[in-house]
Amino acid sequence: MRKKVVVLGVVGLAIVSVIVLLHMGPPSDEGFAARGGLGPPGNRIAVAYLQGPIAEGRPSMSTTGTITPRLVARYLEKLEADPSVKAAVLRIDSPGGSVAASQAIAGMIEEFSKPVVVSMGDIAASGGYYISAPADRILAMPGTMTGSIGVIMSIMDLHGLYDKLGIKDQVIKSGRHKDMYQRTLTPEERELVQRLSDAAYEQFVTYVAAHRGLTVEKVRELATGELFLGSQAVELGLVDAVGDLDDAVAAAAELAGVESPVVYEVPSPIFFVDFWNFLGEVRGFVKNLTLSPEERLLLRLREEPAPELCY
């Protein structure tokens, strides 16, 4: 009975949320909310917030707060097409994430035709630093945590748990290493994974060197996975200056040649654009509530994502 009440409550909340969203309607063509500034309307400096881990895939209820290539593409395409936007400030707060997604996002920032300034929040580390590197200028707070240039991959061996639950895993494979991420790695397989990690590490090092005007040797010295404070990162050449968001806007205006900038904050498009995906997530959540703890554990193990190299 109690479970039924909880399920009905969740469904009711979802329906109310949908009604509120529909009442609010889609985002306007303007797409921006003024934050201040008294300059001419054609002198916009857009501020977009990129917060959370970096990952591929569609943003959804479970990944809201995730930086995806799709989300960044939406921001940049909108800003590129708006002639009143003269430059962009990306406020980045991210501990990093997927290697491929970080590289895709950095490529988009590289190709953006207008000046881009990165303003680092609490943390812009690893992949968060990777996507910052191609910006025309990087500003961080003195206490921002950044750097962490390196690669990590975690492979979970669940066989001990399976044994405890009485689950027998049967594998039929073609290809000697096809099941290597589903069991304990052999020494040979550990070497294979290490080669992957080393190759992704070299890509990280050379990318930072190319975009920060540093030598590969210098970046390799810094690329121990170590975190640096913003003030230290300035001394090391990983960041251009210490400054807050307003300083970043001023830097963007300077790069764009704008004397009296009007600052606009770009609202997140996720919730409206991925409306149907949101409903699917609600359906999955409700279904989960009807399962026993054992069934939920098994479902979660089955849905465990494939091993992934991360910046």
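**Entry 1: a nonpolar patch.** I started on the surface, where Leu161, Leu165, Leu297 and Leu298 make a nonpolar patch of about 290 Å². Patch residues have over 30% relative accessible area and no salt bridge, with nonpolar side chains (Val, Leu, Ile, Met, Phe, Trp, Tyr) joined within 5 Å; areas come from the Shrake-Rupley method with a 1.4 Å probe, and only the protein chains shown count as cover for residues. Helix H5 (159–165) and helix H12 (293–302) are the elements giving two or more residues each. Helices (H or I, at least four residues) and strands (E, at least two) are DSSP runs, numbered from the N terminus.

**Ground rules.** This is a predicted model, so I noted that local features need pLDDT of at least 70 and side-chain atom pairs 80 or more, while totals for chains, interfaces and linings use all residues. Residues are numbered from 1 along each chain, and side-chain values use heavy atoms, without hydrogens and water.

**Entry 2: H2 and H3.** Next I looked up helix H2 (residues 69–81) and helix H3 (residues 99–111), whose axes come within 9 Å and cross at roughly 5 degrees. The axes are lines fitted to C-alpha atoms over the stretch in contact, with angles from 0 to 180 degrees between N-to-C directions. The two helices are therefore roughly parallel (angles under 35 degrees). Among the residues in contact (heavy atoms within 4.5 Å) are Val72 and Leu76 of H2 and Ile105 and Met108 of H3.

**Entry 3: a salt bridge.** I found nine salt bridges (a side-chain nitrogen of Lys or Arg within 4 Å of a carboxyl oxygen of Asp or Glu). Asp82 pairs with Arg44, with the closest N and O atoms 3.3 Å apart. Asp82 sits in the loop between H2 and strand S3 (85–94), and Arg44 in strand S2 (residues 44–51), 38 residues apart.

Technical notes. Parallel < 35°, antiparallel > 145°, perpendicular 65-115°, else oblique. Patch = residues over 30% accessible without salt bridge, like charges linked within 9 Å, V, L, I, M, F, W, Y side chains within 5 Å.
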